[in-house]
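Open the model in your viewer and show the ligand as sticks. The stops below go from the ligand to a pocket.

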Amino acid sequence: MTGRTIVVLGGGVGGMMATNQLRSRLSREHRIVLIDRNAEHAFAPSFLWLMTGDRQPEQVRRPLKNLLRRGVEFIHAAAEAIDFERRRVVTTSGDYSFDYLIVALGAELAPELVPGVVEGAHSFYTFEGACRLQEAFRAFPGGRIAVVVAAMPYKCPGAPHEAAMLIADYFARRRPAIKAQVHLYTPESQPMPVAGPELGNAVLQMLEKKGIQFHPMHNLVAVDPATKSARFKQGVVNYDLMAVIPPHRAPRLVHEVGLTNAAGWVPVNAQTFETSHERVFAIGDVTAIPIPGRWKPDVPLMLPKAGVFAHDQAEIVAARIAAEIEGRKPTASFCGEGYCMLEAGEDLAGFAYGDFFAQPAPHVKLHQIGKAWHIGKVLLERWWLSPPGWRRGFYGSLLNAGGKMYGIPIKM
Ligand SMILES: Cc1cc2nc3c(=O)[nH]c(=O)nc-3n(C[C@H](O)[C@H](O)[C@H](O)COP(=O)(O)OP(=O)(O)OC[C@H]3O[C@@H](n4cnc5c(N)ncnc54)[C@H](O)[C@@H]3O)c2cc1C
């Protein structure tokens, strides 16, 4: 067998996991090349703890190369083009030929699409934004805090709700003298609509317990930093501090090379993540994956953009590519199961787990809020930021044992 080259674009959750999985599955005659424009890898779920001051910046990011298995070639460069015919990627640091390509470029944030957001709002959706928000909280004299989902789709459907609860908890417990009222605005009809009305109601109750006012069906049009007002299609509201989940879009490169559909995301086979190009796969937030079941006949659902899915998809694609290269029939396929630990403050969390491919509608259950799920999220963070050689050890064993105890098939 001659050596093959697998190029992975993007070293975030999906790309990093696919790279490491490929390296552990394939012998060294095969090249695994990972290209990312960032030399640092930050664990996005921890941005919420960065925002509340529960983490220091250096606790939630690592040099990407420290998280890669030995024998991976890491190229610190931006991908600029893909030539599917000649099977090569053009980057700011030269061209790379591939036999197999995995596109894991994630979703870009586009705050500039809503006038006034860049100037008038914070965001915990980036590492730097979460750090700045922590400073803003420390200086906050009190008043109305608006957490606003600017547009759909956005990554991690739980994150705005977690953020609202953690912000309420931060002021209630750490700065009780400051009166902060937290409001959550979203274009959605309920919290986490993809998971169905029962789960939505359970999250609503969690928000209510924290005194958070939830405002569904609110479409942000513009923000005026001078008057501290946000204009929604439904009316104008004033705020003292705003944290926005900005509009998301696929990176320019995937549009330019013609990989996207009309909605602007990369359509893939929902079980195998093959794109329309032979031996070219796409995984994670950059993809568009329709869900077979639905809550309303006329409203199609899409698989949420979440790290847990990017991780699972990476393992499946790596297994399929390795099988094909080794002359075996690829059998790994995605079944649509996923989970989410929903931080609620006071070191407590809820845990949603379910089958997003279930019919007639996704079957997702929210487990009773408790400390175990919060500990699970902390362990996941530690596991994720550990060097690959350590992952099978302490944190991985604890996560697997916890999964077994609660009957949840977590495989770390
Ligand atoms: C605040 C917050 C909390 C979250 N919490 C959770 C959670 O609790 N659970 C969960 O499952 N998910 C969570 N998520 C979502 C999760 O982080 C994403 O879904 C996940 O990172 C997607 O993985 P990905 O590999 O598709 O993309 P990413 O992880 O975004 O990686 C994309 C990579 O591509 C690189 N890249 C982009 N363009 C180029 C280019 N042209 N050239 C080279 N490199 C490029 C980027 O630098 C990046 O490293 C959260 C997200 C946020 C923001």
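The tour below takes the ligand site and then the second largest pocket of this predicted model.

**Stop 1: the shell around the ligand.** Select the residues within 4 Å of the ligand. This shell has 28 residues, and those that come nearest are Gly14, Asp36, Ala79, Asp285 and Val308. By class, 14 are nonpolar, 9 polar and 5 charged. Now colour by secondary structure: helix H1 (13-25) and helix H8 (307-325) each supply at least two residues of the shell.

**Stop 2: backbone contacts.** Show the backbone N and O atoms of Val13, Arg37 and Asp285. One such atom of Asp285 is 2.8 Å from an oxygen atom of the ligand, and one of Val13 is 3.1 Å from a ligand oxygen atom. At Arg37, a polar backbone atom lies 3.2 Å from a nitrogen atom of the ligand. On its own the ligand has 1,000 Å² of accessible area, of which the protein covers 90%.

**Stop 3: the two domains.** Colour domain 1 (5-107 + 250-334) and domain 2 (116-247) separately. The ligand lies between them, because both give residues to its shell.

**Stop 4: the second largest pocket.** Its volume is about 840 Å³. To find the centre, select Met152, Pro193, Val194, Leu301 and Met302, the closest to it of the 34 lining residues. The lining divides into 23 nonpolar, 7 polar and 4 charged residues.

Which elements supply at least two residues each of this lining? Strand E21 (287-288), strand E22 (290-296), strand E23 (299-302) and H8 do. E23 gives the largest share, 4 residues. Domain 1 and domain 2 each contribute at least three residues to the lining.

Definitions and conventions
Residues are numbered from 1 along each chain as its sequence is written. This is a predicted model: local features need pLDDT of at least 70, side-chain atom pairs count only at pLDDT 80 or more; totals for chains, interfaces and linings use all residues. Side-chain values use heavy atoms; hydrogens and water are left out. A polar contact is a pair of N or O atoms within 3.5 Å; within protein, one must be able to donate a hydrogen and the other to accept it, and residues adjacent in sequence count only if both atoms are side-chain atoms. Accessible areas come from the Shrake-Rupley method with a 1.4 Å probe; for residues, only the protein chains shown count as cover. Ala, Val, Leu, Ile, Met, Phe, Trp, Tyr, Cys and Pro count as nonpolar, Asp, Glu, Lys and Arg as charged, and the others, Gly among them, as polar. Domain bounds come from an automatic or database domain assignment. On a 1 Å grid over the protein atoms alone, a cavity is a set of points where a 1.4 Å probe fits but cannot get out, and a pocket is an open set with protein on both sides within 12 Å along at least five of seven lines; lining residues have an atom within 4 Å of a point. Grid points are joined across faces, edges and corners, and a volume is the space filled by probe spheres set on the points.
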